[in-house]
Amino acid sequence: MSLVTSPESGIREIKTSKIHHSAVIDPGAKIHESVVIGPFCLVEKGVVIGEGCELVSHVVIKGDTTIGKNNRFYQFATIGENPPDKKYGGECTKLLIGDNNVFREAVTVHTGTIQDEAKTVIGNNNLFLAYVHIAHDCQVGDNTVFANNASLAGHVKVGNNVNFGGFSKVSQYCKIGDYAFICADATITKDVPAYLKIAPSPARPAGLNTVGMERAGISKEAKALIKEAYQIVYQKKNPLKDALLMLGERLEDSQSADLKTFIASIEDSERGVIR
């Protein structure tokens with residue numbers, strides 16, 4: 001390994017067989033020896049990159065950003081940039097990324113703000129297609145898919161096994177429950193309970209994400225309970241307070257974790273659920 005100091009920037013370029021000679025790596029970055037870094041990438045001080053990651057080319061990783069194992073970043077992705085929020089005053093905030101995520105072309109992910117938990121968090125096994133935007137203070141679970149140009153505003157919380165169609169967008173502070181499916185072009189301004197499928201223009205419930213539930217191996221019994229719960233909340237048009245009481249009574253006769261997830265995603269709503 002050879003180190004070359006740039007007198008203009010004071011940043012050293014680390015050259016190994018796995019780091020392209022044109023990549024610029026701050027000596028304050030911590031990079032596992034197995035990481036592959038392609039042409040014209042920039043990794044700044046404070047970044048931690050775990051085992052088996054790859055930066056294909058022209059990737060920028062900044063800030064107090066910690067990245068787990070086996071993540072892949074494609075060209076022009078910008079990861080860990082300061083939040084574009086007027087309240088942000090240069091405070092030290094974080095971005096935490098788990099394992100086995102794929103960030104395709106021009107994906108942007110920002111660090112958090114002190115007005116929330118001062119961190120943005122992304123879990124494991126997620127796929128972010130081209131031009132996806134994950135704003136400051138968002139929390140994304142595991143096994144999600146974001147199609148091209150899907151966007152989250154600040155402070156959004158996304159559960160596990162969620163799918164976002166192309167050009168879908170979520171307003172700040174919304175919550176998206178586990179196994180939800182957000183169709184292309186949908187604009188989400190309220191919380192989405194678990195297992196729901198949301199149609200666009202205007203955004204509205206369009207049944208359950210039966211395909212996602214099938215792929216997840218959810219049992220027939222659990223699917224029947226969730227279907228019954230959906231009918232109580234949506235198809236029978238009960239007031240939400242009454243619907244929750246009915247669901248509570250139904251839950252007393254069931255130990256289904258999936259039904260509990262559906263109910264909890266409604267009870268935990270702060271913005272109100274989409275209906």
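Guide: Before we look at any strand, take one definition with you: two strands count as paired if DSSP finds at least two bridges between them. The model in front of us is predicted, and in it Leu196 stands opposite Leu208 in β29.

Visitor: In which sense do β28 and β29 pair, and over how many bridges?

Guide: Strand β28, residues 196–199, and strand β29, residues 204–208, pair in the antiparallel sense, and three bridges hold this pairing. Besides the pair you have just met, Ala199 has Arg204 in β29 as its bridge partner.

Visitor: What lies between the two strands of that hairpin?

Guide: Four residues lie between the strands of the hairpin of β28 and β29, and Ser201 takes a positive phi near 55°. Strand β28 also has a partner in β26, residues 181–182, to which two bridges join it, and these two strands run parallel. In that pairing, Ile182 stands opposite Ile198 in β28.

Visitor: How should I read a sheet, and how many strands form the open one here?

Guide: A general idea helps first: in a regular strand the side chains alternate between the two faces of the sheet. In this structure, nine strands form an open sheet with parallel pairing, and their order is β3-β6-β9-β12-β15-β18-β21-β24-β27. The edges are taken by β3 (24–25) and β27 (187–188), each of which has a single partner strand, so one side of each is left without a neighbour in the sheet.

Visitor: Which strands could I use as an example of a parallel pair, and how many bridges join them?

Guide: Take strand β15, residues 108–110, and strand β18, residues 133–134, which run parallel and are joined by two bridges. There, Val109 stands opposite Ile134 in β18.

Visitor: Is Lys62 buried or exposed?

Guide: For this step you need a cut-off, since a residue counts as buried when its relative accessible area is under 20%. Lys62 has a relative accessible area of 19%, and it is therefore buried. Lys62 lies in the loop between β9 (60–61) and β10 (64–67), and, leaving aside residues up to four places away in sequence, it touches Glu44, Val47, Ile79, Gly80 and Glu81.

Visitor: Turning to the helices, at what angle do α2 and α4 cross?

Guide: The idea is to compare the directions of the helix axes, where angles under 35 degrees count as roughly parallel and angles over 145 as roughly antiparallel. The axes of α2 (residues 220–235) and α4 (residues 257–267) come within 8 Å and cross at roughly 25°, and the two helices are therefore roughly parallel to each other. The crossing in which α2 passes α4 is right-handed.

Visitor: Which residues of α2 and α4 meet?

Guide: From α2 come Ala222, Leu225, Ile226, Ala229, Tyr230 and Val233, and they meet Asp258, Leu259, Phe262 and Ile266 in α4. Sorted by class, this contact has nine nonpolar residues, no polar ones and one charged residue.

Visitor: How does α3 lie against α4, roughly parallel or roughly antiparallel?

Guide: The axes of α3 (residues 240–252) and α4 come within 11 Å and cross at roughly 155°, and these helices are therefore roughly antiparallel to each other. Here α3 passes α4 in a left-handed crossing. Leu240, Leu244, Leu247 and Leu251 in α3 meet Leu259, Lys260, Phe262, Ile263, Ile266 and Glu267 in α4, a contact that by class has eight nonpolar, no polar and two charged residues.

Key
Residues are numbered from 1 along each chain as its sequence is written. This is a predicted model: local features need pLDDT of at least 70, side-chain atom pairs count only at pLDDT 80 or more; totals for chains, interfaces and linings use all residues. Side-chain values use heavy atoms; hydrogens and water are left out. Axes are lines fitted to C-alpha atoms, for helices over the stretch in contact, and angles run from 0 to 180 degrees between N-to-C directions. Angles under 35 degrees count as roughly parallel, over 145 as roughly antiparallel, 65 to 115 as roughly perpendicular and the rest as oblique. A crossing is left-handed if the near helix is turned anticlockwise from the far one by less than a right angle, and right-handed if clockwise. Contact means heavy atoms within 4.5 Å. Ala, Val, Leu, Ile, Met, Phe, Trp, Tyr, Cys and Pro count as nonpolar, Asp, Glu, Lys and Arg as charged, and the others, Gly among them, as polar. Buried means under 20% relative accessible area, exposed over 50%, partly exposed in between (1.4 Å probe, protein chains only).
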